[in-house]
Amino acid sequence: MRFLYEKEVRDFYCFLVLVCILQAGIMAAGGFLQIQGIRRTLVEHEKRAVSYLLEEDVSPAVAAAAWSHAEVTEEGENLLKQIGHTKESQGYLLVLVREASVPLIILSVSGAVFFTVVLLTGAGIFFQKREELYERAERIVSDYANGEFEEHLPGEKTGALYYLFGRVEQLALSLRAKSDAEGRAKDFLKNMISDISHQLKTPLAALEMYMEILAEEPSDAGTVKEFTRKSVQSLERMEQLIQSLLKIARLDTGNIVFEKRKDYVSELAAQAIGEFLERADQEGKQIITEGDPEEMVFCDLDWTREAVANLVKNALDHTDAGGIIRISWKRSPAMLRLMVEDNGCGIALKDIHHIFKRFYRSSSSKDRQGAGLGLPLAKAIIEEQGGTLSVDSRFGEGTAFQISFLNNL
């Protein structure tokens with residue numbers, strides 16, 4: 001009886017039951033009327049017979065006794081046969097049919113016609129609604145196949161058909177999610193190609209110019225040395241730019257699986273500043289680390305090292321000679337905080353809300369060579385591991401970046 005779970009089918013089934021009940025009631029009423037008609041016919045027949053007997057001077061007692069007499073005599077049977085009133089006599093039966101059964105036949109035929117019309121009308125309405133529902137479902141499913149999801153299949157009711165609609169809706173949602181993901185992937189690829197082409201224009205143009213100069217003055221050792229160095233710098237910048245873009249792309253598309261483990265924070269800091277110690281010494285700057293050497297952090301060491309290194313590089317880029325870059329860490333009951341601070345030029349108030357945007361560079365920044373990818377990459381790496389990266393800065397006084405990881409050792 002699962003088909004009764006659907007309201008329309010249940011209503012139609014109740015309609016059929018009601019029609020059957022009404023038909024049975026009318027047929028029962030017709031049978032009762034037929035019995036009453038036959039009874040009236042017999043009573044009228046008896047009245048006419050008694051009246052005739054009384055007119056022929058038969059005493060009332062004898063006439064009354066005739067209807068209560070229980071015995072059947074041969075003389076009585078012979079008399080009835082002579083006048084044609086026997087069970088085989090059609091004339092006698094036709095009287096009863098004509099007087100009592102004809103109205104019932106008329107009533108039965110009329111009732112049958114009426115209920116046939118009612119059933120066909122009800123069934124027609126039901127199947128018409130079904131057909132409209134199927135046509136609507138077909139149109140919506142066709143829209144789904146064409147990538148249009150504005151209209152949805154009806155799913156607010158119960159029943160096997162609506163259960164099927166619900167399953168189709170789930171499939172449509174999957175198709176829509178896949179379509180949206182493909183659209184985002186296409187947009188991402190388009191934007192990434194646009195960003196790469198835009199960012200490579202400057203170093204490529206510089207490299208082309210350096211090659212022209214080298215071609216024009218191949219015998220000038222000083223010129224060759226200088227522009228060879230500049231060419232190498234342009235190539236290195238291009239490599240860094242492409243690598244950063246590829247890393248951001250992998251983070252955005254979820255293609256990086258972080259391999260978290262417990263490591264010493266001091267080891268993380270040491271690896272992050274290792275490549276910058278010589279540069280800091282050449283530029284007359286100091287890099288200082290402070291914190292408990294036994295403190296541990298749960299993270300992907302290689303990726304987190306790159307994030308911290310980007311913060312250290314940013315600090316060096318915005319700090320003058322004699323400046324200090326300080327890396328410190330401290331654990332609280334709730335989290336581990338790692339700070340990268342400098343006493344450089346700081347970040348202007350109008351820029352501080354934009355520094356984590358890709359390719360953003362302040363007009364007041366001293367770093368003219370940066371592509372504006374280091375801070376966005378650092379933020380993406382930290383946040384993908386469940387941490388946070390925040391900044392506090394005062395223009396002209398310095399900047400402090402804070403990495404926070406929840407205690408999950």
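Among contacts in the protein chain (heavy atoms within 4.5 Å) between residues at least 6 apart in sequence, 69% join residues at least 24 apart. The model behind this figure is predicted, so to speak with its own ground rules: local features need pLDDT of at least 70, side-chain atom pairs count only at pLDDT 80 or more, and totals for chains, interfaces and linings use all residues. Residues are numbered from 1 along each chain as its sequence is written, and side-chain values use heavy atoms, with hydrogens and water left out.

The protein chain holds 10 helices and seven strands, taken as DSSP runs numbered from the N terminus (helices are H or I, at least four residues; strands are E, at least two). Of the 409 residues in the chain, 32% are buried; here buried means under 20% relative accessible area, exposed over 50%, and partly exposed in between, with a 1.4 Å probe and protein chains only. The accessible surface of the chain comes to about 26,200 Å², and carbon and sulfur atoms account for 58% of that. These areas come from the Shrake-Rupley method with a 1.4 Å probe, and for residues only the protein chains shown count as cover.

Starting at the N-terminal end, Ala 49 sits in helix α1, residues 7-55. With a relative accessible area of 30%, Ala 49 is partly exposed. From its C-alpha atom to that of Ala 63, 14 residues apart along the chain, the separation is 9.1 Å. Pro 60 belongs to helix α2, residues 60-68, and is exposed, at a relative accessible area of 59%. Pro 60 and Val 50 are 10 residues apart in sequence, with 8.6 Å between their C-alpha atoms.

Helix α6 covers residues 221-252, and its length checks out: the 32 residues should span 46 Å at 1.5 Å a residue, and the end C-alpha atoms are indeed 46 Å apart. The expected span here is 1.5 Å times one less than the number of residues. Buried residues of α6 include Thr 223, Phe 227, Arg 237, Met 238, Leu 241, Ile 248 and Leu 251. After α6 comes Gly 254, with a positive phi near 70 degrees.

Next up are the cavities. Rolling a probe the size of a water molecule over the atoms shows where empty space is left. On a 1 Å grid over the protein atoms alone, a cavity is a set of points where a 1.4 Å probe fits but cannot get out, and lining residues have an atom within 4 Å of a point. Grid points are joined across faces, edges and corners, and a volume is the space filled by probe spheres set on the points. By this rule there are two cavities of 30 Å³ or more, and the largest has about 50 Å³ of space.

The lining of that largest cavity consists of Leu 268, Val 297, Thr 304, Val 308, Leu 336, Arg 337, Leu 338, Ile 403 and Phe 405. At least two lining residues come from each of α9 (301-317), β5 (335-342) and β7 (398-406), and β5 gives the most, with three. By type, the lining has seven nonpolar residues, one polar and one charged; Ala, Val, Leu, Ile, Met, Phe, Trp, Tyr, Cys and Pro count as nonpolar, Asp, Glu, Lys and Arg as charged, and the others, Gly among them, as polar.

Leu 268 is part of helix α7, residues 265-274, and is buried, with a relative accessible area of 2%. Not counting residues up to four places away in sequence, Leu 268 touches Leu 301, Thr 304, Arg 305 and Leu 338. Its C-alpha atom is separated by 10.0 Å from that of Asp 300, 32 residues apart along the chain.

Lys 313, in helix α9, is partly exposed at a relative accessible area of 29%. Leaving aside neighbours within four places in sequence, Lys 313 is in contact with Phe 276 and Arg 279. Lys 313 and Phe 276 are 37 residues apart in sequence and 7.5 Å apart C-alpha to C-alpha.

Methods
On a 1 Å grid over the protein atoms alone, a cavity is a set of points where a 1.4 Å probe fits but cannot get out, and a pocket is an open set with protein on both sides within 12 Å along at least five of seven lines; lining residues have an atom within 4 Å of a point.
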